[in-house]
Amino acid sequence: MADPTEQTVPAATRCGFVALIGAPNVGKSTLINALVGAKISIVTPKVQTTRALIRGIAIDGEAQLVFVDTPGIFVPRRRLDRAMIGSAWGSAHEADVVALLVDAGKGVYDDDEVILKRLDDIGAPKVLVLNKVDLVAKPKLLTLAQALNERARFAATFMISACAGDGVADLKAWFAAHVPTGPWLYPEDQISDAPLRQLSAEITREKLYLRLHQELPYRSTVETEVWKELKDGSVRIEQTIYVERESQRKIVLGKGGATIKAIGAAARADIAVSIEHPAHLFLFVKVREGWGDDPERYREMGLEFPKE
Ligand SMILES: Nc1nc2c(ncn2[C@@H]2O[C@H](COP(=O)(O)OP(=O)(O)OP(=O)(O)O)[C@@H](O)[C@H]2O)c(=O)[nH]1
Ligand SMILES: [Mg+2]
């Protein structure tokens, strides 16, 4: 008879969802890219950059961590705002662990207050992540951490700089130790579940945000219409930038097409890196009045269409 003590017991694997939530611009997308080790979510200095849930996958020891980058939570005005914020809360309620990010340089503001009020409704363990510590003196950080811990029950507090990478490995190890045991959900080498055509539309949107100012980025959306792999290994990509008015279309095009050309060049270079193939990018700008109330646009973004 076999001696049961001689059996080799495989080390228990772990796997779970970690939602990164917080006010706009606190560095959620920067952090998911740092945790995954690749650019899977776009980052800009402007608020409300991320519009839908972006999943990024990383391995830490025996754990597979599925991070969910979410749109920033703020007081909504438009239908699109409500869809974005609804998806962020939805992700927090489904996650095994929730990380609340706060911009340590800025401190606690109205949007953070809105989140803190609803944090108790989340059953999963919550972690406080003070980001951008590179911008703050230590005493201020400790005061902020203490004040926030009095407001909500956090299982742990981390102080990190997502863009410098400081503290990111410790945070990742904590997540790895706190997700449930269970089989991995994705192949070992997978880092994202988003199709490349979606990632490339996001990259173009990032360049649009970086180039255009005031309300224009918020009045536009980008969709990949054509994705054709060519015999020489390169990819032909056609994308449409939707805006709401002719005047906005003119601004996106720029004088003699200079603006769209610059957006296209910057996007093409980043897309080629992300897809690891040469890319030929063709951008079109179309006016679609009221695209913010068109269910099809929400489907394309991966958002639910709010009834009002
Ligand atoms: N100084 C500093 N800046 C950072 C850090 N992390 C992120 N940032 C900057 O903060 C800005 C916002 O970063 P994002 O990652 O786009 O923020 P977000 O929370 O995803 O924003 P939304 O998608 O709009 O909700 C960018 O300009 C980043 O470069 C950090 O650790 N230190
Ligand atoms: Mg973001």
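Trainee: Which element gives the largest share of the shell around ligand 1?

Mentor: In this predicted model, that share comes from helix α1, residues 28-36, which contributes three residues to the shell. The shell as a whole has 23 residues, and the closest are Lys-28, Thr-30, Gln-48, Thr-49 and Asp-134. By class, it holds 11 polar, eight nonpolar and four charged residues.

Trainee: What makes the approach of Lys-28 to ligand 1 a polar contact?

Mentor: The cut-off for a pair of N or O atoms is 3.5 Å, and an N or O atom in the side chain of Lys-28 lies 2.7 Å from an oxygen atom of ligand 1, so the pair is within the limit. A polar side-chain atom of Thr-30 is 2.6 Å from an oxygen atom of the ligand, while for Asn-25 a polar backbone atom is 2.9 Å from such an oxygen. Of the 650 Å² that ligand 1 exposes when taken alone, the protein buries 88%.

Trainee: How do you know that Ser-29 and Thr-50 coordinate the magnesium ion, ligand 2?

Mentor: A donor must be an N, O or S atom within 2.8 Å of this metal, and the OG atom of Ser-29 and the OG1 atom of Thr-50 are at 2.0 to 2.1 Å, so both qualify as donors. Water is not among the atoms, so the site may look incomplete. The two residues are 21 apart and link distant parts of the chain, with Ser-29 in helix α1 and Thr-50 in the loop between α1 and β2 (54-60). Ser-29 and Thr-50 are both buried.

Trainee: Why is Thr-44 called buried?

Mentor: Buried means under 20% relative accessible area, and Thr-44, at 8%, therefore counts as buried. Thr-44 lies in the loop between α1 and β2, where its side chain reaches the backbone nitrogen of Lys-46 at 3.0 Å. A polar contact of 2.7 Å also joins the side chain of Thr-44 to that of Thr-49, one of the residues closest to ligand 1.

Trainee: What makes the protein as compact as a globular protein of its length?

Mentor: The secondary structure comes to nine helices and nine strands. For 308 residues the globule rule gives 19 Å, and the radius of gyration is 21 Å, which is close to that value, so the protein is as compact as a globular protein of that length. Its C-alpha atoms fill a box of roughly 75 × 55 × 40 Å along the principal axes, and 50% of the 308 residues count as buried.

Note on methods. Residues numbered from 1 in each chain as written. Chains lettered and ligands numbered in written order. Predicted model: local features only at pLDDT ≥ 70, side-chain atom pairs only at ≥ 80, totals over all residues. Heavy atoms only, no water. Near = heavy atom within 4 Å. Polar contact = N/O pair within 3.5 Å; in protein donor to acceptor, adjacent residues only side chain to side chain. Areas by Shrake-Rupley, 256 points an atom, 1.4 Å probe, with all protein chains shown as cover. Helix = DSSP H or I, 4+ residues; strand = E, 2+ residues; numbered from the N terminus. Nonpolar A, V, L, I, M, F, W, Y, C, P; charged D, E, K, R; others polar. Donors = N, O, S within 2.8 Å, 3.2 Å for Na, K, Ca; no water. Buried < 20%, exposed > 50% of the residue type's maximum accessible area, 1.4 Å probe, protein only. Rg over C-alpha atoms; globule rule 2.2 N^0.38 Å.
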